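Let's take a walk through this structure together, one piece at a time. Keep the 3D view open and turn it as you read.

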Amino acid sequence: MGKPAIAAILTGMFILCYAAQSQVQRPSPPAPGPERAFAFDPDLFTRIDLSANSGWLGRFPEKHVAFEDYMRSLPIRPTPGRNRILILPIGDFRDSDRYALDQTAQYAGLFFQLPVEIVVGTVMPDTEKRVRGDSGRSRTQYRTGPLIDFVEKRGLRRNAVCCIGLTMEDLYPSESWNFVFGEASLMKRIGVYSLNRLNPAEDGGARSDDADRLFRLRAFKLMTHETCHMFGLTHCIRYECVVNGSISLDESDADPPFLCPDCLRKLQWNIGFDVIERYRGLREFWKKNEFKREAEWMEKRLTRISLGE
Ligand SMILES: [Zn+2]
Ligand SMILES: [Zn+2]
């Protein structure tokens, strides 16, 4: 049994990702891929200025993990018989929440190029919880550790590379924390993530198409950021990237939903997907769901990789 170590914390009050190594796998050589996609493109990516960072990196100085070190770290990797990402909805989801959940699963499937399956949901279990008031609201919060154990007991991960319990309830990891967006046990290959604080219309904002789009975009980023940790990626400190750490929702909102070239290379090696096919799928997803800015970025990225511009 590995000992949990904090790998990441996000937000304004924080998101936690506990990491524990348990895999015994031999690194394989890098899969062939378009090297152009793994090179820095100044028109599409932004380097992080570490000397001027007042957010996550100002508070938690982290180190860059080189590609070779990532391979040697023996991250969790899918295998042909264990390649699905399972999502277990926990507790109540309104129709609009369910819509966001369904899209998040679709997005994660394209992002990781792995089958993502939403299994039949469950009622919120009667696990450890507390009531906490903040921002003028009183919320019931569930502790993440017992929820991870609850998901584990469902026995869902046998044929899955990982299993994510997703809930609309608020979470906390331990008494000293105000809340947490998610926590994962790499040893168990189980994560629990919360969409509770991601909907701007729930915090006094008006319901609108823009608010709804922001809610879904946040859900996509949370799901992929946390699941990248599940695949052994640590926080990215070189480029603006979906794997950047954040100490607030504002900081997280400023992160793009995309992987930088370094993180793309790591994930491509891990999963072995076709980079172009992946980008094409994501471009269609953004277009179909009217995320104009993201669709345009993807179009430009594809053009530059394909044509070498
Ligand atoms: Zn993180
Ligand atoms: Zn990155």
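**A guided tour of the chain**

Leu-74 is partly exposed, with 15 other C-beta atoms within 10 Å. You'll find Leu-74 in the loop between α2 (67-72) and β3 (84-90). Its backbone is worth a look: phi of Leu-74 is positive, about 55°, although the residue is not a glycine. To put that in context, most residues other than glycine have a negative phi. Bear in mind while you look that this is a predicted model.

Now step back and take in the whole chain. There are nine helices and ten strands to find your way around. Of the 309 residues in the chain, 44% are buried. And among contacts with a separation of 6 or more, 71% are between residues 24 or more positions apart.

Let's go to the helices next, with α3 as our base. Helix α3 covers residues 95-112 and packs with helix α8, residues 275-288, at an angle of about 155°, the axes being 8 Å apart. How do the two helices run relative to each other? An angle over 145° counts as roughly antiparallel, and therefore that is the label for α3 and α8. Their crossing is left-handed. If you want to see the contact itself, pick out Gln-106, Tyr-107, Leu-110 and Phe-111 in α3, which meet Arg-278, Gly-281, Leu-282 and Phe-285 in α8. By type, the residues of this contact between α3 and α8 come to five nonpolar, two polar and one charged.

Helix α3 has another partner to show you. Helix α5 (residues 209-230) crosses α3 at roughly 45°, and the axes of the two come within 9 Å. That angle makes α3 oblique to α5. The crossing of α3 and α5 is right-handed, whereas that of α3 and α8 is left-handed. On the α3 side, the contact with α5 involves Ala-100, Gln-103, Thr-104, Tyr-107, Ala-108, Phe-111 and Phe-112. On the α5 side, look for Phe-215, Arg-216, Ala-219, Phe-220, Met-223, Thr-224 and Thr-227. The residues of the contact of α3 with α5 divide into nine nonpolar, four polar and one charged. Tyr-107 and Phe-111 are worth a second glance: they take part in the contact with α8 and also in the one with α5.

Moving on along the chain, we come to a loop. Val-119 sits in the loop between β4 (116-118) and β5. Is Val-119 buried or exposed? Val-119 is in fact partly exposed, with 14 other C-beta atoms within 10 Å. Try tracing how the chain comes back to this spot: Ile-87 is 32 residues away along the chain, yet its C-alpha atom and that of Val-119 are separated by 6.1 Å. Setting aside neighbours within four places in sequence, Val-119 is in contact with Leu-86, Leu-88 and Leu-156.

From that loop, follow the chain into a sheet. This one is open, with three strands in the order β5-β6-β8 and mixed pairing. At the edges are β5 (129-134) and β8 (170-172), each of which pairs on one side only. From one strand to the next, the twist averages 45°. In general, strands of a sheet pair through backbone hydrogen bonds, either parallel or antiparallel. Here, β6 (residues 137-143) pairs with β8 in the parallel sense, over three bridges. One spot to check by eye is Arg-143, which stands opposite Tyr-172 in β8.

The last stop is a hairpin. Strand β9 (residues 182-185) and strand β10 (residues 190-194) run antiparallel and are joined by four bridges. Gly-182 has Tyr-193 in β10 as its bridge partner. In a regular strand, side chains alternate between the two faces of the sheet. Both faces of β9 are covered: Gly-182 and Ala-184 are buried on one side, and Glu-183 and Ser-185 are buried on the other.

Finish at the turn. Four residues lie between the strands of the β9 and β10 hairpin, and Arg-189 there takes a positive phi near 60°. Like Leu-74 earlier, which has a positive phi without being a glycine, Arg-189 has a positive phi in a residue other than glycine. What about its surroundings? Arg-189 is buried, with 21 other C-beta atoms within 10 Å, whereas Leu-74 is partly exposed.

Technical notes. Residues numbered from 1 in each chain as written. Chains lettered and ligands numbered in written order. Predicted model: local features only at pLDDT ≥ 70, side-chain atom pairs only at ≥ 80, totals over all residues. Axes fitted to C-alpha atoms, helices over the stretch in contact; angles between N-to-C directions. Parallel < 35°, antiparallel > 145°, perpendicular 65-115°, else oblique. Left-handed = near helix turned anticlockwise from the far one by under 90°. Contact = placed C-beta atoms within 7 Å. Nonpolar A, V, L, I, M, F, W, Y, C, P; charged D, E, K, R; others polar. Pairing = 2+ DSSP bridges. Buried ≥ 20, exposed ≤ 12 C-beta atoms within 10 Å, placed from the backbone.
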